[in-house]
Amino acid sequence: MSEELLREETTMADLEEHFDDANPWNVVQSYMENKTILPVKVEGIVNGGAIAMVEGLRGFIPASKLSLSYIEDLETYLLKDIEVRVIDVDQAENRLVLSAREILKEKEKKAMEEKIAGLKIGTVLSGKVETLQNYGAFVKLENGLSGLVHVSQISQKRVKTPKDVLKEGEEVKVKIIGIKDGKISLSMKALEETKEEPTEKVVIPKSENIGTSLGDLFKNLNL
């Protein structure tokens, strides 16, 4: 093969590669593979979701992928700037699906980890009882984090089940007694005043008043 022909084939291959790279479908495919975070603007609201443009392609964001919680009115997202990832690409079906949910979950997790890192064992916080289980009560703390008050940590008195002494929505004071693997252990019992049992005062007689003779031992007995 001549050098000129080889050069021509190389040039054609480079051009084909260039055109492949320029194909928007290939670009969004690479975005999906690399989990690229894309800033987009919501340009339309349709049944079941929203529309945003990526590389000139019409991308669909399902309502369930717009937020971490249920969205009452999708129209509130119109013209809103958000961050998304590509989660599905199908050029043959002209389908491009985007999602903001995964990014929001990652940000929420990071924020939670930062909050937990700032906690100290022994700190006393206010909270609200979220749910009650047989093994304890989950409490939503004032800083937005949640922790568990084990049934054994509810009171100094014996508690059979949390429902016997607590109600969902009840405001409580808790003390942080443990932090492990992102889980927070709380105690209400630790905040209760320790009641000391009254001790009986024992008077020890002086040695000279202690009788040692048999007469002293039996003098009060009626035989």
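**Close-ups of a predicted model**

**View 1. Asp88 and its salt-bridge company.** At 26% relative accessibility, Asp88 counts as partly exposed. This is a predicted model, so keep that in mind for every view here. Asp88 pairs up with Arg95 in a salt bridge, and their closest N and O atoms sit 2.8 Å apart. Arg95 is partly exposed too, with a relative accessible area of 35%. Asp90 also joins in: Asp88, Asp90 and Arg95 are linked in a network of salt bridges. Side chains of opposite charge can pair when their charged atoms come close.

**View 2. Glu83 meets Lys107.** Here a salt bridge joins Glu83 and Lys107, with 2.9 Å between the closest N and O atoms. Glu83 belongs to strand S5 and Lys107 to helix H3, so this pair ties together parts that are 24 residues apart in sequence. How exposed are the two partners? Glu83 is partly exposed at a relative accessible area of 33%, and Lys107 is partly exposed at 49%.

**View 3. Glu102 and Lys65, helix to loop.** The Glu102 and Lys65 side chains form a salt bridge, at 3.4 Å from N to O. Glu102 comes from helix H3 (residues 101-117), whereas Lys65 sits in the loop between strand S4 (57-62) and strand S5 (81-90), so the pair ties together parts that are 37 residues apart in sequence. Glu102 counts as partly exposed, with 28% relative accessibility. Lys65, at 23%, is partly exposed as well. Counting over the whole model gives 7 salt bridges.

**View 4. Helix H2 and its two sides.** Which residues of helix H2 (residues 24-34) are buried? They are Trp25, Val27, Val28 and Tyr31. These four cover an arc of only 160° around the axis, which puts them on the same side of H2. An α-helix has 3.6 residues a turn, so residues three or four places apart point the same way. Turn to the other side of H2 and you find Glu33 and Asn34, both exposed.

**View 5. Where H2 begins, and what comes after.** Look at Asn23 at the start of H2: one of its side-chain oxygens reaches to within 2.9 Å of the backbone nitrogen of Trp25. That same Trp25 is one of the buried residues of H2. Past the helix comes Lys35, whose phi is positive, near 55°.

**View 6. Strand S1 alongside S5.** Strand S1 (residues 38-41) shows two faces: Leu38 and Val40 make up the covered one, Pro39 and Lys41 the uncovered one. In a regular strand the side chains alternate between the two faces of the sheet. S1 and S5 run antiparallel and are joined by 4 bridges. What is the bridge partner of Val40 in S5? Ile82 takes that role. S5 also holds Glu83, the residue that reaches Lys107 in View 2.

**View 7. Zooming out to the whole chain.** The protein chain has 4 helices and 11 strands. Of its 223 residues, 27% are buried. Take the contacts between residues at least 6 apart in sequence: 55% of them join residues at least 24 apart. As for the outside, the chain exposes about 16300 Å², and carbon and sulfur atoms supply 51% of that area.

Definitions and conventions
Residues are numbered from 1 along each chain as its sequence is written. This is a predicted model: local features need pLDDT of at least 70, side-chain atom pairs count only at pLDDT 80 or more; totals for chains, interfaces and linings use all residues. Side-chain values use heavy atoms; hydrogens and water are left out. A salt bridge is a side-chain nitrogen of Lys or Arg within 4 Å of a carboxyl oxygen of Asp or Glu. Buried means under 20% relative accessible area, exposed over 50%, partly exposed in between (1.4 Å probe, protein chains only). Contact means heavy atoms within 4.5 Å. Accessible areas come from the Shrake-Rupley method with a 1.4 Å probe; for residues, only the protein chains shown count as cover. The arc is that of the directions from the helix axis to the C-beta atoms. A polar contact is a pair of N or O atoms within 3.5 Å; within protein, one must be able to donate a hydrogen and the other to accept it, and residues adjacent in sequence count only if both atoms are side-chain atoms. Two strands pair if DSSP finds at least two bridges between them.
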